[in-house]
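Reader: I'm new to this one. Could you show me the structure and let me ask how you know what you say about it?

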Amino acid sequence: MALDEAKLADVLLGLAQHLSSGAELAVRLTGLCRAATEVTGCCRSRIFLLAGECYELRYTFGEMPDAPMREHKVPAQDRLIAEAVRTRDCVVAKPQDSRLFDAPAASIGVQSLAVAPLLDEGQQALGVLTAEYPDTPDAFSAVTARLLLGMAKLAGMAVLAERQHQQRIWSARQEQAQVDTALAKVARELIPSLNTPSLVERLCQLTIEVLSCDCSTTMLWDAEGKAYVLAACYGATAEEREAAQGVKLSRDSMGAFFDQLEREGLVQVSAPLLGPDPAARLAAGYGVSMSIHVALQRGDEMIGFQSAGYRGRRESFTAPQVRIARGVGQLASLALEAARLAEELERARKLSSEFVATMSHELRTPLNIVLGYIDLLLEHSFGALTPEQGDTLGRMEKSARELLGLINDILDLSRLEAGQMTLQVLEMQVQDLIHEIDVETRPLQEKPGFSLVWHVSPSLPPLRTDPLKLKVVLKNLVVNALKFTEQGSVLVDVYRRDDGLEFCIADTGIGIAPEAVPIIFEPFFQVDGSKKRRQGGVGLGLYIVRRLLDMLGGVISVDSELGRGSIFRVWVPNRTQPGTDVGCRRGFDA
Ligand code: ADP
């Protein structure tokens, strides 16, 4: 086909546009092969790319009638290719050459072949473009060869751009993975920590680890001193740490630094640039040559900043390091806020427990006096009573005892919550305990058609446990059984099991619905919480039972059927350690 210089320039311009489209590289380079066949009139055009020791076939257009694609790989030292690469020119093999692509010409069915190199910026081979004829001798004019060379150049540029693009994507992914891994580690370790001093210690260690730097500090805002003060540091000597402890960084002393930190969230500082201000002295104290600082925020307020530094190295922190530092700042801000809330909550919880404990204690004292007078009145110590007076006083006593039970429950709960209970292990006779509970629950047992039966194994050994706590546990369960059983019986079995005793409290009362069983041990839970409910209580008894059993090392289980009754089983171990303390302060009085 007639191909002149003007046409050549047009073709190359059109191809350059095609190659810069956003299509896949395969589409663009197959399109280039197609253009090569159309413009040069060859039957087939192919692009081989260098892969190690070989050129591998990647893109192709056109068919050779008698030579279906055979060679997919051509060795790099192939005579024609080597020459095209060496001369950086389009090499044309004549039909009389007996070997093409280092194979006997006849065997690959090609009569005439042109090979042009695809080169990178350093003129190194990336691949080759071929144009092939099955039968046309002398098919390639000088212009055609120049066109193929131009096409190969364009193809080389497209391959190179694609590789650079892939490289950039790969690097970006690598960087992202590096940042993600570092921040996942920081998040995993920081977020669960709810104690500020240990949180900031760990924060400094992690900052050094994930930024591969030499030292790190956390400075937090001290509202009283109106300055940022040291909360933690890592990678410093004892003297450096001591010196840093006295540093107070006020907003005025380092206005520009804090303004930038607040505006941008991150500041990098080459230590000598800081001048004679306190931060420079701080940095110099650490022998810090290059440092990075990120803001620690609570909403819009900068509550502190996390710093990391190199000792000796002067190069800036890299882009991934900067991203990691920003992430550390954000995670640390979240973790610090969570820790602050947890600490506030704990303070509030302690205060409220203390208040409830004091109040319950104060309520109990006059109530006990009232009960004492009622008892004296009922015993006729102040003279005889009319039947109505006796009846009324009896009801007053019942209500006052219920009230005392409630106050005791609340007092126990507040002491448990405040961690104020200690375990006081003594050797006890279970029979004595059972007798006490039996006597104390008599008023509840007095119902028509009802009986409470104790089944205590005669050979029970003495038990080493905390008797007061065990009494609270058993009394709660017996009182519940009596409360929730109108007719029938409550049977309490006591026997030896493993190295301890088992108490089985079975009633024929209202029973508990299966869906309620797992939650009856939660505080303030009542199956029937309505005002119509006849039985008293606030839903604390079983929660206290569970907590006390945890202290005693015991276990509780329940089987219940609605309308038929419940069986509560409690096992308590014989404690071998006398008087084991459970890390609490005050004794427990039931
Ligand atoms: P309360 O002071 O309300 O009795 P508890 O914590 O002792 O609180 O018990 C929680 C709830 O479990 C009770 O309100 C009741 O609904 C249910 N319950 C406990 N023991 C029994 C029982 N023996 N029979 C039926 N229901 C019971």
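Reader: Does serine 45 count as buried or exposed, and what makes you say so?

Author: Serine 45 counts as buried, because its relative accessibility is 0% and buried means under 20% relative accessible area (exposed is over 50%, partly exposed in between, with a 1.4 Å probe and protein chains only). One thing to know early: this is a predicted model, where local features need pLDDT of at least 70 and side-chain atom pairs count only at pLDDT 80 or more, while totals for chains, interfaces and linings use all residues. Residues are numbered from 1 along each chain as its sequence is written, and side-chain values use heavy atoms, with hydrogens and water left out.

Reader: What does the side chain of serine 45 reach?

Author: The backbone oxygen of threonine 130, at 2.9 Å. That fits a polar contact, a pair of N or O atoms within 3.5 Å; within protein, one must be able to donate a hydrogen and the other to accept it, and residues adjacent in sequence count only if both atoms are side-chain atoms. Serine 566 has a polar contact too, with the side chain of serine 560 at 2.9 Å, and serine 566 is buried at 4%.

Reader: How many disulfides are there, and how do you know?

Author: Zero. A disulfide is a pair of cysteine sulfur atoms within 2.5 Å. For cysteine 90, the nearest cysteine sulfur belongs to cysteine 42 and is 11 Å away, so by that cut-off cysteine 90 is in no disulfide. Cysteine 233 is in none either, with the sulfur of cysteine 204 nearest at 6.7 Å. Cysteine 233 is buried, at 1% relative accessible area, and cysteine 90 is buried at 11%.

Reader: What makes lysine 475 and glutamate 440 a salt bridge?

Author: Their side chains meet at 2.8 Å, N to O, and a salt bridge is a side-chain nitrogen of Lys or Arg within 4 Å of a carboxyl oxygen of Asp or Glu. Lysine 475 lies in helix H14 (residues 467–483) and glutamate 440 in helix H12 (residues 430–440), so the pair ties together parts that are 35 residues apart in sequence. Helices here are DSSP runs of H or I with at least four residues, strands are runs of E with at least two, and both are numbered from the N terminus.

Reader: Why is glutamate 209 with arginine 202 called a salt bridge?

Author: The closest N and O atoms are 3.9 Å apart, so the pair falls within the cut-off for a salt bridge. Glutamate 209 is partly exposed at 42%, and arginine 202 is partly exposed at 23%. The structure holds 32 salt bridges.

Reader: Where do aspartate 559 and arginine 569 lie?

Author: Aspartate 559 is in strand S20 (residues 555–561) and arginine 569 in strand S21, so their pair ties together parts 10 residues apart in sequence. Their salt bridge has its closest N and O atoms 3.1 Å apart.

Reader: Which residues make the nonpolar surface patch of about 420 Å²?

Author: Ile369, Tyr373, Leu376 and Phe382. Patch residues have over 30% relative accessible area and no salt bridge; nonpolar side chains (Val, Leu, Ile, Met, Phe, Trp, Tyr) are joined within 5 Å, like charges within 9 Å. Areas come from the Shrake-Rupley method with a 1.4 Å probe; for residues, only the protein chains shown count as cover. Tyrosine 373, at 47%, is partly exposed, so it passes the area cut-off for a patch.
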